[in-house]
Amino acid sequence: MPPTSRSRRERPAKPPLTREGIVATAVAILRTEGLRKVTMRRLAQELDTGPASLYVYVRDTNELHAAVLDELLGTVGLTPAEDGWRKRLERVLTAYTRMLLEHPSLARSALIARPSGPNYLRLIEILLELLEAGGVPRAQAAWGVDLLLQHATATAAEHAGEEPLGDWQVLAQALRDAPATTHPHIAADPGALLSGTPEARLSWAFQTLINGIERTAVPTEGQEAL
């Protein structure tokens, strides 16, 4: 006799869909398969449901990626150590950058993702708190947070994944070979353009931005920024 198919009533009930569960599953797929596999179709397969049912909780793939980013921000240690506000601020920004560097595809997606979850708000809150501790005016701090996060995200996106070593070597050689007759400023010190570890350059960039944020007023209403 042919085997009797199992009744649907006998199958274990699937856990109900929730936004939290969908995002947690997306993070798991990201860790094992990369961001390119974090799609509605792949999520539906993993959750044993139809893609259409996911749109009740997540509007589209961009919102999903933003939610994944917010979830991973929860793994970033944002509690500042007890030292100067500048170093504390740099430490938080560096931790954010390193988190993105661990997920190359997410780093690039973060350039356009707009997270709005609790962990992202927590990050903004602590950056504002540290800038306030340094006496930075509120308006400058508000604009400065955006600038600092833009730089951190762009840095991670640029350096995430495999470095094209050949391209870098070609550029380095081109700088060293630049003739003084046509490129006097490059030829004067090509080594300076190539110097410094990535960590040192990141630290210098953050401190340079922080100094500028501290000293540069935002334009007043009706005044165009230069």
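**Helix packing and the nonpolar core**

Apart from neighbours within four places in sequence, threonine 97 is in contact with Ala152, Ala156, Leu202 and Phe206. The model is a predicted one, and threonine 97 lies within its helix H5. Threonine 97 is buried, since its relative accessible area is 1% and the cut-off for a buried residue is under 20%. Between the C-alpha atoms of threonine 97 and threonine 153 the separation is 6.5 Å, although these positions lie 56 residues apart along the chain when counted as sequence distance.

The chain as a whole contains 12 helices and 0 strands. Read from the N terminus, the order of its elements is α-α-α-α-α-α-α-α-α-α-α-α. Of its 226 residues, 35% count as buried. When contacts between residues at least 6 apart in sequence are considered, 70% of them join residues at least 24 apart. The exposed surface of the chain amounts to about 14,700 Å², of which carbon and sulfur atoms supply 55%.

The largest nonpolar core has 48 residues. Those touching the most other members are Leu89, Tyr96, Met99, Leu100, Leu123, Leu127 and Leu149. Two or more residues of this core come from each of H1, helix H2 (40-47), H4, helix H5 (85-101), helix H6 (104-109), helix H7 (118-133), helix H8 (138-159) and helix H12 (198-215).

Several leucines illustrate the packing in more detail. Leucine 127 is in contact with Leu89, Val92, Leu93, Val145 and Leu149, with neighbours within four places in sequence left aside. Leucine 100 is placed in helix H5 and is buried, with a relative accessible area of 0%. With residues up to four places away in sequence not counted, leucine 100 touches Leu69, Ala107, Ala110, Thr153 and Ala156. Leucine 100 and alanine 152 are 52 residues apart in sequence, while their C-alpha atoms are 8.9 Å apart in space.

Leucine 73 belongs to helix H4. This residue is likewise buried, at a relative accessible area of 2%. Its contacts, not counting residues up to four places away in sequence, are with Tyr96, Met99, Asn119, Tyr120, Arg122 and Leu123. Two of these partners, Tyr96 and Met99, are among the core residues that touch the most other members, as is Leu123. The C-alpha atoms of leucine 73 and leucine 123 are separated by 8.0 Å, and the two residues are 50 residues apart along the chain.

Helix H4 also packs against the helix at the start of the numbering. The axes of helix H1 (residues 19-33) and helix H4 (residues 61-73) come within 9 Å and cross at roughly 80°. H1 is therefore roughly perpendicular to H4. On the H1 side the contact is made by Arg19, Ile22, Val23, Ala26, Val27, Leu30 and Arg31, and on the H4 side by Glu63, Leu64, Ala67, Val68, Glu71 and Leu72. By class, the residues of this contact comprise 9 nonpolar, no polar and 4 charged.

A further contact of H1 is with H2. The axes of H1 and H2 come within 10 Å, with a crossing angle of roughly 105°, so H1 and H2 are roughly perpendicular to each other. Ile22, Thr25, Ala26, Ile29 and Glu33 of H1 meet Arg42, Leu43, Glu46 and Leu47 of H2. The contact of H1 with H2 has 5 nonpolar, 1 polar and 3 charged residues. Ile22 and Ala26 of H1 take part in the contact with H2 and are also listed in the contact with H4.

Within H2, the buried residues are Met40, Arg42, Leu43 and Ala44. The cover over these residues includes H1, helix H3 (51-54) and H4. Of the buried residues of H2, Arg42 and Leu43 also meet residues of H1. H2 is followed by aspartate 48, which is placed in the loop between H2 and H3. Aspartate 48 is not a glycine, yet its phi is positive, at about 55°.

Note on methods:
Residues numbered from 1 in each chain as written. Predicted model: local features only at pLDDT ≥ 70, side-chain atom pairs only at ≥ 80, totals over all residues. Heavy atoms only, no water. Axes fitted to C-alpha atoms, helices over the stretch in contact; angles between N-to-C directions. Helix = DSSP H or I, 4+ residues; strand = E, 2+ residues; numbered from the N terminus. Parallel < 35°, antiparallel > 145°, perpendicular 65-115°, else oblique. Contact = heavy atoms within 4.5 Å. Nonpolar A, V, L, I, M, F, W, Y, C, P; charged D, E, K, R; others polar. Core = buried A, V, L, I, M, F, W, Y, C linked by side-chain atoms within 4.5 Å. Buried < 20%, exposed > 50% of the residue type's maximum accessible area, 1.4 Å probe, protein only. Areas by Shrake-Rupley, 256 points an atom, 1.4 Å probe, with all protein chains shown as cover.
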